[in-house]
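Visitor: I would like a close look at one part of this chain, followed by an account of what surrounds it.

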Amino acid sequence: MMTKINFAGIVDNSTIDYPKKLSAVVYLCGCPYRCPWCQNAELVLNAGNCKPTEIDEIIDQLKENFLIQAVCITGGEPLMQRETVELLERIKSETDLLLKIDSNGYFSERLREALPLLDFFTTDVKAPLNERYGEVVGLPDQWQKIVERVEMTLNILKRWNHQKEARTTIVPDLIDRKEDIEKIAMLVDDVGFTLYTLQQFRADRTLDPGYERIQSPSPELMRELGRAAKKHLPKTKVQIVTQQNGFEEIKTKT
Ligand code: SF4
């Protein structure tokens, strides 16, 4: 029987989802978190274009795309569905594409199965590993379980010596303090991530409509937080991404 996966669509050509490569982006549905500032509400809630789709159909679309060198699997949370591992295996065995996943780090057991198939792994580190994590992902009562799972993911990644990126979204009044970013940067250093990205929150079709009234953090604040992170990450590339200026690398002052 053909395997189906809950899938919302493919963006054929992206220059920002796989470093230095032209990639296709595959959007999978479902997510265990409810980050109030999330801009992918339809994917999270399995709504909109989400529908069970044969993996064959996705593979065929990727094979027909002669321009790309890589594919990025994102969501929602792509490791929420067990069928994702089959999708990764099929891409790896049937194409020459480099393979990356953007994950929130919650499904550490499935990550173990996925990692041998990947060339690049991006995970969110959304907050310091304490009760703040629950607040930031919109599930304050579940913070302990979430932190345990994220810790497990970080431990697995410590032993994975490929390109790996950690990401934090800067959201006003939720996660925008220097001391929090410094704590996260120390974790990033401990795991040995090759890249740390601070992304600017955007008030656009947020999961909690109240967040549409909140202003994005300024590029100046983003740079300041980037510099605070870089202090702890001399060997890791640190970058910020803003709507105003795109990607900017934060360099150590000489
Ligand atoms: S921002 Fe949060 S809720 Fe939205 S897809 Fe990512 S982890 Fe899920």
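Visitor: Where does arginine 205 lie?

Guide: Arginine 205 lies in the loop between β8 and α8, a helix of residues 219-230. The model is a predicted one, and the values that follow are computed from it. Arginine 205 has a positive phi of about 45 degrees, although arginine 205 is not a glycine. Because its relative accessibility is 60%, and the limit for exposed is over 50%, arginine 205 counts as exposed.

The loop starts from β8, so to speak, and that strand is a useful way into the rest of the sheet pairing. Strand β8 covers residues 195-200 and is joined to β7 by six bridges, the two strands running parallel. One pair can be picked out: threonine 169 has glutamine 199 in β8 as its bridge partner. Strand β7 itself takes in residues 163-170, and seven of its eight residues are buried, which leaves the strand mostly covered. On to another partner of β7: strand β6, residues 120-124, is joined to β7 by five bridges, and this pair is also parallel. There, threonine 122 stands opposite glutamate 165 in β7. Taken in order, then, β6 pairs with β7, and β7 pairs with β8.

A second loop can be set beside that of arginine 205. Glutamine 243 is placed in the loop between β9 and β10. At 53% relative accessibility glutamine 243 is over the 50% limit, and therefore counts as exposed. Leaving aside neighbours within four places in sequence, glutamine 243 is in contact with Gln200 and Arg202. Residue 200 belongs to the range given for β8, residues 195-200. The C-alpha atoms of glutamine 243 and proline 219 are separated by 8.7 Å, although their places lie 24 residues apart along the chain as a sequence separation. Position 219 is also where the range of α8, 219-230, begins.

The two strands on either side of glutamine 243 form a hairpin, with three residues between them. Strand β9 runs over residues 237-242 and strand β10 over residues 246-250; five bridges join them, and they run antiparallel. Within this pair, valine 241 has phenylalanine 247 in β10 as its bridge partner.

A positive phi also turns up elsewhere in the chain. Lysine 20, which is not a glycine, has a phi of about 65 degrees. Lysine 20 is found in the loop between β1 and β2, a strand of residues 23-28. Its relative accessibility is 82%, so lysine 20 counts as exposed.

The strand before that loop, β1, has residues 4-14, and valine 11 lies in it. Valine 11 counts as partly exposed because its relative accessibility is 38%, and partly exposed is the class between 20% and 50%. Its contacts, not counting residues up to four places away in sequence, are Ser23, Ala24, Val25 and Tyr27. Valine 26 is 15 residues from valine 11 in sequence, and their C-alpha atoms are 6.7 Å apart in space.

One more loop deserves a stop. Glycine 76 is placed in the loop between β4 (70-74) and α3 (83-94). A cis peptide bond joins glycine 75 and glycine 76, with omega at about 20 degrees. Gly76 is also one of the residues around the ligand, a list that includes Cys31, Tyr33, Cys35 and Trp37 as well as Asn104 and Lys126. By class, the shell around the ligand has six nonpolar residues, two polar ones and one that is charged.

Finally, the chain as a whole. The chain has eight helices and 10 strands, and 52% of its 254 residues count as buried. Its C-alpha trace spans about 55 × 40 × 35 Å along the principal axes. A compact globule of 254 residues would have a radius of gyration near 18 Å, and the chain has 18 Å, so the two agree. Among contacts between residues at least 6 apart in sequence, 69% join residues at least 24 apart. The accessible surface comes to about 12300 Å², and 46% of this belongs to carbon and sulfur atoms.

Notes. Residues are numbered from 1 along each chain as its sequence is written. This is a predicted model: local features need pLDDT of at least 70, side-chain atom pairs count only at pLDDT 80 or more; totals for chains, interfaces and linings use all residues. Side-chain values use heavy atoms; hydrogens and water are left out. A residue is near a molecule or strand if one of its heavy atoms lies within 4 Å of it. Ala, Val, Leu, Ile, Met, Phe, Trp, Tyr, Cys and Pro count as nonpolar, Asp, Glu, Lys and Arg as charged, and the others, Gly among them, as polar. Two strands pair if DSSP finds at least two bridges between them. Helices (H or I, at least four residues) and strands (E, at least two) are DSSP runs, numbered from the N terminus. Buried means under 20% relative accessible area, exposed over 50%, partly exposed in between (1.4 Å probe, protein chains only). Contact means heavy atoms within 4.5 Å. The radius of gyration is taken over C-alpha atoms; the globule rule is 2.2 Å times the number of residues to the power 0.38. Accessible areas come from the Shrake-Rupley method with a 1.4 Å probe; for residues, only the protein chains shown count as cover.
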